[in-house]
Amino acid sequence: MNGRYVAAALAAVALVAAAGVGSAVAGVGPAAGLFAGEEHPPALLGFESTGAHCTDDFMANSSTAVSGGGANTEITHSQNISLPDTAYAVGGPTFERLNETTYVLSVPTEATDAEARDCAAYARYEARMRIPAGDDPWRVIVEHDDETATTLFGDANSAGASGSASGGARVSE
């Protein structure tokens, strides 16, 4: 009888250990931090932009992708930005933490030595940002020349290993 209790106790310990490792690898439950990787501070990981282009019909279309990987969430956001004319370009962006769950991506424009053409001008940019995964739900305010262009909302916990984001635009009159 003594052997049965020992075998049952070992089986119970093995089951609990397997469940704990499984949840840790999946990134859920109390053991999720074991395999989550190191949390890194919020940062602008990369930024690329095109030069000025003329257009007959400017559209501020954008796209956003979110990927969660353990202790961090990576957000990639692409958007068109209106320029005063073709003698302007996208300047140096900044990415700052406003509070515990809100961040600001600021994308300025600046004059260049390029020749101005009389047209509605725009450029397109792509920004890659990193935030800690525990900052959920999160919000990224995207500013163009110190004015809110759009706000991204997301929750990395809503979709398991990858997250979701939605955007909204504030229109000023």
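This is a short talk about one strand, E4, its partners, and the nonpolar core it helps to build. Keep in mind that the model is predicted.

I'll start with E4 itself, which covers residues 72–83. Is this strand mostly enclosed or mostly open? Ten of its twelve residues are buried, so the rest of the structure largely encloses E4.

Next, the partners. On the N-terminal side in sequence there is strand E3, residues 62–69, which runs antiparallel to E4 and is joined to it by eight bridges. The two strands make a hairpin, with two residues between them. One residue of that turn, Gly70, has a positive phi of about 75 degrees. At this end of the pairing, Gly69 stands opposite Asn72 of E4.

E4 also pairs with strand E9, residues 120–132. Here twelve bridges join the strands, and again the direction is antiparallel. If you want a place to look, find Leu83 of E4, which stands opposite Ala121 of E9.

Now the core. The largest nonpolar core has 19 residues, and those touching the most other members are Ile75, Phe95, Leu105, Met129, Trp138 and Val140. At least two residues of this core come from each of E4, E7 (102–107), E9 and E10 (138–144). Which strand gives the largest share? That is E9, with six residues.

Last, a closer look at Leu105. Setting aside neighbours within four places in sequence, its contacts include Phe95, Met129 and Val140. Also among them are Leu44, Pro93, Tyr125 and Ala127, as well as the run Ile141, Val142 and Glu143.

Definitions and conventions: Residues are numbered from 1 along each chain as its sequence is written. This is a predicted model: local features need pLDDT of at least 70, side-chain atom pairs count only at pLDDT 80 or more; totals for chains, interfaces and linings use all residues. Side-chain values use heavy atoms; hydrogens and water are left out. Buried means under 20% relative accessible area, exposed over 50%, partly exposed in between (1.4 Å probe, protein chains only). Helices (H or I, at least four residues) and strands (E, at least two) are DSSP runs, numbered from the N terminus. Two strands pair if DSSP finds at least two bridges between them. A nonpolar core is a set of buried Ala, Val, Leu, Ile, Met, Phe, Trp, Tyr and Cys residues joined through side-chain atoms within 4.5 Å. Contact means heavy atoms within 4.5 Å.
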